Amino acid sequence: MVLSQRLHEAFKGAVERMTSPRTVSAFKEKGVLTPDEFILAGDNLVSKCPTWSWEMGDPNKRKPYLPAEKQFLITRNVPCLRRASSIEEDYNAAGGEVLLDNDDDEGWLATHGIDRVFGWGWLENKTEDEIVPSMDTQESSVKRNFKPLIPQDDEDEDILDMDDVGDDNLVETDDSTLQPYLVAHEPEDDHILKTRTYDISITYDKYYQTPRVWLTGYDETRYLLQPELVLEDVSQDHARKTVTIEDHPHMPGKHASIHPCRHGAVMKKIIDILLSRGVNPEVDKYLFIFLKFVASVIPTIEYDYTMDFELGGQ
């Protein structure tokens, strides 16, 4: 781990130890969650998507502001059949990208055919329940055709972003820091389809006050993937900018993580768009919207964020 990242993590840890968790909701104002709202949204995700479950984690790493039995969310053995680079080839073949809603250099990137993707066409004339996808939603179509440009507003100046951490050598490749499992070294043969699986966990980040996604990848023989191989399944726009290798807050070992420094800004942007369309999103739907945006960072990891009931039902 580079020195700047270590310093940032030390500072972040000190702030978390000295401050209390958020208790006042700022879901619509800032795109962030209180711990209670995280539990509410997590319960809804587990209820609607049975592949997700709550975990207790290591008792020695338990967070006192979360219930002992609901420390983090996890889904296991998620298939990943293609590398992210192949998806980007599809973007180029389809005609490139369109920058949407680019006020003040904020916006999202989507391919041509906006109405067909998770973009403004997806939000048009939708009720709040319809914003959460149903079992009929074509996830692969969403992931092939959409990826975000993370907003770059100047709110929350007291929170460090990735520019303060440094974006060189964010991925730790020292073998001594890897989890105590057999490590995969995949053969360099482009004619072999490398089927991978991932365990994906979602934790609550007290410092950034948002969910945080963690990735643990395995090859087809369940050998642990080295960090540089995990990056092959991350959109190249994000692979060495927003993905870091760090200690998991509830489990042993190093895990790849989508850094949460801009999560609140992105979620606020989405919420603002929904409100401008006359949709009033509820906080218990937060993780469905969040996972839809995360799908553009890891477009080939086919995790579940769909409802198992009819639209409009509860």
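This tour moves through a few selections in a predicted model, taking a pair of helices and then a pair of strands.

Begin by selecting helix α3, which covers residues 35-48, together with helix α11, which covers residues 286-294. Their axes come within 8 Å of each other and cross at roughly 75°; since angles of 65 to 115 degrees count as roughly perpendicular, α3 is therefore described as roughly perpendicular to α11.

Next, show the side chains where these two helices touch. On the α3 side, select Ala41, Gly42, Asn44, Leu45 and Lys48, and on the α11 side select Tyr286, Leu287, Phe288 and Leu291, for these residues make the contact. If you colour them by character, you should find six nonpolar residues, two polar ones and one charged one in the contact of α3 with α11.

Now keep α11 alone on the screen and then bring back its surroundings. Nine of its nine residues are buried, so α11 is largely enclosed by the rest of the structure. Among the buried residues are Ile289, Phe290, Lys292, Phe293 and Val294, as well as Tyr286, which you selected a moment ago.

For the last stop, select strand β10, residues 243-247, in which four of the five residues are buried, so this strand too is largely enclosed by the rest of the structure. Add strand β11, residues 254-258, and you will see that β10 and β11 pair in the antiparallel sense over five bridges. Within this pairing, look for isoleucine 245, which stands opposite alanine 256 in β11. Finally, follow the chain from one strand to the other: β10 and β11 form a hairpin with six residues between them, and glycine 253 in the turn has a positive phi of about 90°.

Methods:
Residues are numbered from 1 along each chain as its sequence is written. This is a predicted model: local features need pLDDT of at least 70, side-chain atom pairs count only at pLDDT 80 or more; totals for chains, interfaces and linings use all residues. Side-chain values use heavy atoms; hydrogens and water are left out. Axes are lines fitted to C-alpha atoms, for helices over the stretch in contact, and angles run from 0 to 180 degrees between N-to-C directions. Angles under 35 degrees count as roughly parallel, over 145 as roughly antiparallel, 65 to 115 as roughly perpendicular and the rest as oblique. Contact means heavy atoms within 4.5 Å. Ala, Val, Leu, Ile, Met, Phe, Trp, Tyr, Cys and Pro count as nonpolar, Asp, Glu, Lys and Arg as charged, and the others, Gly among them, as polar. Buried means under 20% relative accessible area, exposed over 50%, partly exposed in between (1.4 Å probe, protein chains only). Two strands pair if DSSP finds at least two bridges between them.
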